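Me: I've got a model open and want to check the labels people put on it. Can we go through them one by one?

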Amino acid sequence: MGTENEAVQVQQQPAPIASKFPFTFWEATVASTVLLGFLFGFAAVYLTLPDSDYSFLKLPRTLQDLQLLRDNLENYTSDYTAQVLVGYCVVYIFMQTFMIPGTVFMSLLAGALFGVFKGVALVVFTATSGASSCYFLSKMIGRPLLSSLWPDKLKFFQNQVARRRKGLLNYMLFLRLTPTLPNTFINFASPIVDVPYHIFFLGTVIGLIPAAYITVRAGLALGELESVGDLYDFNSIATLFLIGVVSVTPTLMSKSES
(Lines give C-alpha, C1' and ligand atoms only; values in the text may rest on other atoms or scores of the structure.)
Protein backbone atom coordinates (compact mmCIF):
# COMPACT_ATOMS: atom_id res chain seq x y z
CA MET A 1 0.00 0.00 0.00
CA GLY A 2 2.79 2.36 0.94
CA THR A 3 4.47 1.83 -2.40
CA GLU A 4 1.21 2.44 -4.31
CA ASN A 5 0.54 5.67 -2.36
CA GLU A 6 4.04 6.93 -3.12
CA ALA A 7 3.55 6.15 -6.82
CA VAL A 8 0.25 8.08 -6.84
CA GLN A 9 1.91 11.04 -5.14
CA VAL A 10 4.70 11.04 -7.71
CA GLN A 11 2.18 11.01 -10.56
CA GLN A 12 0.20 13.86 -9.02
CA GLN A 13 3.21 16.13 -8.65
CA PRO A 14 2.87 19.11 -11.02
CA ALA A 15 5.14 19.20 -14.04
CA PRO A 16 7.98 21.69 -13.83
CA ILE A 17 7.17 25.06 -15.33
CA ALA A 18 9.15 25.75 -18.51
CA SER A 19 11.24 28.86 -18.62
CA LYS A 20 9.48 31.80 -20.25
CA PHE A 21 12.69 32.88 -21.95
CA PRO A 22 12.82 30.84 -25.18
CA PHE A 23 16.58 31.15 -25.91
CA THR A 24 19.64 29.49 -24.49
CA PHE A 25 22.50 31.61 -23.22
CA TRP A 26 24.46 31.03 -26.47
CA GLU A 27 21.50 32.01 -28.66
CA ALA A 28 20.89 35.16 -26.64
CA THR A 29 24.60 35.99 -26.91
CA VAL A 30 24.50 35.69 -30.70
CA ALA A 31 21.44 37.94 -30.97
CA SER A 32 23.00 40.49 -28.63
CA THR A 33 26.24 40.47 -30.65
CA VAL A 34 24.34 41.19 -33.88
CA LEU A 35 22.47 44.03 -32.20
CA LEU A 36 25.67 45.55 -30.79
CA GLY A 37 27.30 45.28 -34.23
CA PHE A 38 24.57 47.40 -35.77
CA LEU A 39 24.75 49.93 -32.96
CA PHE A 40 28.53 50.18 -33.36
CA GLY A 41 28.21 50.78 -37.11
CA PHE A 42 25.63 53.51 -36.61
CA ALA A 43 27.71 55.15 -33.88
CA ALA A 44 30.77 55.15 -36.17
CA VAL A 45 28.81 57.02 -38.84
CA TYR A 46 27.36 59.44 -36.31
CA LEU A 47 30.80 60.30 -34.88
CA THR A 48 32.33 61.02 -38.31
CA LEU A 49 29.73 63.64 -39.19
CA PRO A 50 30.40 67.30 -38.32
CA ASP A 51 29.14 68.85 -35.11
CA SER A 52 25.54 69.87 -35.59
CA ASP A 53 22.02 69.38 -34.28
CA TYR A 54 20.94 65.85 -35.21
CA SER A 55 17.67 65.77 -33.30
CA PHE A 56 15.96 65.09 -36.65
CA LEU A 57 17.67 61.69 -36.89
CA LYS A 58 14.97 59.20 -35.94
CA LEU A 59 13.08 56.40 -37.63
CA PRO A 60 10.25 58.02 -39.62
CA ARG A 61 6.77 56.86 -38.63
CA THR A 62 4.74 59.30 -40.71
CA LEU A 63 5.18 61.09 -44.02
CA GLN A 64 5.74 64.30 -42.09
CA ASP A 65 8.65 62.69 -40.21
CA LEU A 66 10.04 61.47 -43.51
CA GLN A 67 9.84 64.88 -45.17
CA LEU A 68 11.65 66.47 -42.22
CA LEU A 69 14.36 63.80 -42.41
CA ARG A 70 14.68 64.27 -46.19
CA ASP A 71 14.97 68.04 -45.91
CA ASN A 72 17.78 67.77 -43.36
CA LEU A 73 19.71 64.93 -44.99
CA GLU A 74 19.75 66.67 -48.37
CA ASN A 75 22.18 69.15 -46.84
CA TYR A 76 24.63 66.35 -45.98
CA THR A 77 24.24 63.98 -48.94
CA SER A 78 26.50 65.94 -51.29
CA ASP A 79 29.34 66.62 -48.81
CA TYR A 80 29.09 63.45 -46.70
CA THR A 81 27.83 60.94 -49.24
CA ALA A 82 29.70 57.97 -47.79
CA GLN A 83 28.44 58.59 -44.25
CA VAL A 84 24.85 59.03 -45.41
CA LEU A 85 25.03 55.87 -47.52
CA VAL A 86 26.57 53.76 -44.75
CA GLY A 87 24.15 55.16 -42.18
CA TYR A 88 21.21 54.44 -44.48
CA CYS A 89 22.40 50.87 -45.08
CA VAL A 90 22.99 50.18 -41.37
CA VAL A 91 19.52 51.45 -40.40
CA TYR A 92 17.69 49.63 -43.22
CA ILE A 93 19.49 46.32 -42.62
CA PHE A 94 18.92 46.65 -38.88
CA MET A 95 15.19 47.17 -39.42
CA GLN A 96 14.95 44.20 -41.76
CA THR A 97 16.96 41.93 -39.47
CA PHE A 98 14.83 42.59 -36.41
CA MET A 99 11.53 42.98 -38.30
CA ILE A 100 11.01 46.61 -37.29
CA PRO A 101 8.12 48.20 -39.25
CA GLY A 102 8.80 51.25 -41.39
CA THR A 103 11.10 50.11 -44.20
CA VAL A 104 8.63 51.56 -46.71
CA PHE A 105 9.61 55.02 -45.44
CA MET A 106 13.28 54.13 -45.92
CA SER A 107 12.56 53.11 -49.51
CA LEU A 108 10.81 56.42 -50.13
CA LEU A 109 13.81 58.21 -48.63
CA ALA A 110 16.16 56.43 -51.04
CA GLY A 111 14.23 57.84 -53.99
CA ALA A 112 14.12 61.33 -52.50
CA LEU A 113 17.88 61.42 -51.81
CA PHE A 114 19.46 59.35 -54.58
CA GLY A 115 17.01 59.18 -57.49
CA VAL A 116 15.35 56.18 -59.11
CA PHE A 117 18.29 54.14 -60.44
CA LYS A 118 20.59 54.49 -57.43
CA GLY A 119 17.61 54.35 -55.08
CA VAL A 120 16.32 51.03 -56.46
CA ALA A 121 19.81 49.52 -56.36
CA LEU A 122 20.26 50.70 -52.78
CA VAL A 123 16.87 49.43 -51.61
CA VAL A 124 17.30 46.02 -53.25
CA PHE A 125 20.80 45.69 -51.76
CA THR A 126 19.82 46.70 -48.23
CA ALA A 127 16.52 44.79 -48.26
CA THR A 128 18.25 41.63 -49.48
CA SER A 129 21.09 42.04 -46.96
CA GLY A 130 18.62 42.60 -44.12
CA ALA A 131 16.46 39.68 -45.23
CA SER A 132 19.56 37.45 -45.36
CA SER A 133 20.63 38.59 -41.90
CA CYS A 134 17.14 37.83 -40.60
CA TYR A 135 17.27 34.42 -42.33
CA PHE A 136 20.49 33.37 -40.62
CA LEU A 137 19.48 34.84 -37.27
CA SER A 138 16.22 32.91 -37.44
CA LYS A 139 18.10 29.74 -38.33
CA MET A 140 19.78 29.96 -34.92
CA ILE A 141 17.04 31.31 -32.67
CA GLY A 142 13.81 31.58 -34.68
CA ARG A 143 12.01 28.27 -34.17
CA PRO A 144 10.69 28.91 -30.63
CA LEU A 145 9.46 32.38 -31.57
CA LEU A 146 7.66 31.25 -34.73
CA SER A 147 6.11 28.25 -33.01
CA SER A 148 4.68 30.45 -30.26
CA LEU A 149 3.71 33.56 -32.25
CA TRP A 150 2.49 32.26 -35.64
CA PRO A 151 1.91 28.49 -35.42
CA ASP A 152 -0.92 28.40 -38.00
CA LYS A 153 0.86 30.65 -40.49
CA LEU A 154 4.05 28.60 -40.07
CA LYS A 155 2.18 25.35 -40.73
CA PHE A 156 0.59 26.85 -43.87
CA PHE A 157 3.97 28.04 -45.17
CA GLN A 158 5.61 24.70 -44.42
CA ASN A 159 2.92 22.80 -46.33
CA GLN A 160 3.16 25.12 -49.32
CA VAL A 161 6.95 24.83 -49.49
CA ALA A 162 6.77 21.03 -49.24
CA ARG A 163 4.27 20.88 -52.11
CA ARG A 164 6.36 23.14 -54.37
CA ARG A 165 9.87 21.76 -53.95
CA LYS A 166 10.44 21.41 -57.71
CA GLY A 167 9.36 24.96 -58.47
CA LEU A 168 10.36 26.60 -55.21
CA LEU A 169 12.06 29.61 -56.81
CA ASN A 170 8.90 30.48 -58.73
CA TYR A 171 6.87 30.19 -55.54
CA MET A 172 9.27 32.44 -53.63
CA LEU A 173 9.05 35.00 -56.44
CA PHE A 174 5.28 34.82 -56.23
CA LEU A 175 5.39 35.47 -52.46
CA ARG A 176 7.71 38.47 -52.87
CA LEU A 177 5.52 39.99 -55.56
CA THR A 178 2.15 39.49 -53.92
CA PRO A 179 0.81 40.12 -50.38
CA THR A 180 0.12 36.42 -49.77
CA LEU A 181 2.46 36.43 -46.77
CA PRO A 182 4.26 39.41 -45.14
CA ASN A 183 7.89 39.81 -46.21
CA THR A 184 9.03 39.90 -42.59
CA PHE A 185 7.39 36.53 -41.95
CA ILE A 186 8.96 35.07 -45.12
CA ASN A 187 12.41 36.24 -44.00
CA PHE A 188 12.04 34.76 -40.54
CA ALA A 189 10.24 31.53 -41.43
CA SER A 190 12.15 30.43 -44.56
CA PRO A 191 15.05 28.67 -42.78
CA ILE A 192 12.61 26.97 -40.41
CA VAL A 193 10.65 25.40 -43.30
CA ASP A 194 13.87 24.41 -45.11
CA VAL A 195 13.94 26.93 -47.94
CA PRO A 196 17.56 26.73 -49.23
CA TYR A 197 19.42 30.02 -48.94
CA HIS A 198 20.26 30.27 -52.65
CA ILE A 199 16.53 30.00 -53.49
CA PHE A 200 15.70 32.50 -50.77
CA PHE A 201 18.39 34.90 -52.03
CA LEU A 202 17.38 34.78 -55.70
CA GLY A 203 13.70 35.07 -54.89
CA THR A 204 14.42 38.11 -52.73
CA VAL A 205 16.75 39.93 -55.12
CA ILE A 206 14.53 39.46 -58.17
CA GLY A 207 11.17 39.60 -56.44
CA LEU A 208 11.78 42.90 -54.63
CA ILE A 209 12.72 44.90 -57.74
CA PRO A 210 9.18 45.79 -58.98
CA ALA A 211 7.89 46.95 -55.57
CA ALA A 212 11.17 48.77 -54.90
CA TYR A 213 10.84 50.63 -58.19
CA ILE A 214 7.28 51.74 -57.40
CA THR A 215 8.20 52.95 -53.91
CA VAL A 216 11.48 54.64 -54.85
CA ARG A 217 9.88 56.43 -57.78
CA ALA A 218 7.18 57.74 -55.44
CA GLY A 219 9.95 59.16 -53.24
CA LEU A 220 10.81 61.65 -55.99
CA ALA A 221 7.46 63.35 -55.38
CA LEU A 222 7.42 62.91 -51.63
CA GLY A 223 5.65 66.20 -51.00
CA GLU A 224 2.68 65.12 -53.12
CA LEU A 225 1.95 61.98 -51.10
CA GLU A 226 -0.89 62.31 -48.61
CA SER A 227 -0.63 58.78 -47.18
CA VAL A 228 1.37 55.59 -47.64
CA GLY A 229 -1.72 54.11 -49.25
CA ASP A 230 -1.16 56.41 -52.24
CA LEU A 231 1.90 54.35 -53.16
CA TYR A 232 -0.06 51.38 -54.39
CA ASP A 233 -2.97 52.33 -56.59
CA PHE A 234 -5.02 49.77 -58.49
CA ASN A 235 -2.67 49.73 -61.47
CA SER A 236 0.41 49.14 -59.32
CA ILE A 237 -1.21 46.31 -57.37
CA ALA A 238 -2.58 44.72 -60.54
CA THR A 239 0.85 44.89 -62.19
CA LEU A 240 2.58 43.26 -59.21
CA PHE A 241 -0.09 40.55 -59.03
CA LEU A 242 0.18 39.87 -62.77
CA ILE A 243 3.97 39.50 -62.52
CA GLY A 244 3.45 37.18 -59.55
CA VAL A 245 1.02 35.00 -61.50
CA VAL A 246 3.44 34.83 -64.42
CA SER A 247 6.26 33.80 -62.09
CA VAL A 248 4.31 30.86 -60.69
CA THR A 249 2.78 29.74 -64.01
CA PRO A 250 5.68 27.38 -64.98
CA THR A 251 5.19 25.47 -61.73
CA LEU A 252 1.44 25.12 -62.31
CA MET A 253 1.99 23.96 -65.90
CA SER A 254 4.54 21.34 -64.88
CA LYS A 255 2.11 19.98 -62.29
CA SER A 256 -0.71 19.73 -64.82
CA GLU A 257 1.52 17.91 -67.30
CA SER A 258 2.62 15.40 -64.68
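Me: Why is D71 called partly exposed?

Reply: This is a predicted model, and in it D71 has a relative accessibility of 39%. Buried would need under 20% and exposed over 50%, so D71 falls in between and counts as partly exposed.

Me: And what makes R70 buried?

Reply: R70 has a relative accessible area of 15%. The cut-off is under 20%, so R70 is on the buried side.

Me: How do you know that D71 and R70 form a salt bridge?

Reply: Look at the gap: the closest N and O atoms of D71 and R70 are 2.7 Å apart. The rule asks for a side-chain nitrogen of Lys or Arg within 4 Å of a carboxyl oxygen of Asp or Glu, so the pair qualifies. Side chains of opposite charge can pair when their charged atoms come close.

Me: How many salt bridges does that rule give?

Reply: The count is one salt bridge.

Me: Why are α5 and α10 called roughly perpendicular?

Reply: Helix α5 (residues 103-149) and helix α10 (residues 209-219) pack at about 110 degrees, and their axes are 7 Å apart. Roughly perpendicular covers 65 to 115 degrees, so the label fits α5 and α10. On the α5 side the contact includes G111, G115 and G119, and on the α10 side it includes A212, Y213 and V216.

Me: What makes M99 and D194 worth a look in the loops?

Reply: Their backbones. M99 has a positive phi of about 55 degrees though it isn't a glycine, and D194 has one of about 70 degrees, again without being a glycine. M99 lies between α4 (81-97) and α5, while D194 lies between α8 (183-189) and α9 (197-207).

Me: Why is D194 called exposed, and M99 partly exposed?

Reply: D194 is at 51% relative accessibility, and exposed means over 50%, so D194 makes the cut. M99 has 27%, which lies between the 20% and 50% limits, so M99 is partly exposed.

Me: What makes F42 eligible for a nonpolar surface patch?

Reply: F42, in helix α2 (residues 25-48), is partly exposed at 34%. Patch residues need over 30% relative accessible area, so F42 passes that test. Together with Y46, L47 and L57, F42 makes a patch of about 390 Å².

Notes. Residues numbered from 1 in each chain as written. Predicted model: local features only at pLDDT ≥ 70, side-chain atom pairs only at ≥ 80, totals over all residues. Heavy atoms only, no water. Patch = residues over 30% accessible without salt bridge, like charges linked within 9 Å, V, L, I, M, F, W, Y side chains within 5 Å. Areas by Shrake-Rupley, 256 points an atom, 1.4 Å probe, with all protein chains shown as cover. Helix = DSSP H or I, 4+ residues; strand = E, 2+ residues; numbered from the N terminus. Buried < 20%, exposed > 50% of the residue type's maximum accessible area, 1.4 Å probe, protein only. Axes fitted to C-alpha atoms, helices over the stretch in contact; angles between N-to-C directions. Parallel < 35°, antiparallel > 145°, perpendicular 65-115°, else oblique. Contact = heavy atoms within 4.5 Å.
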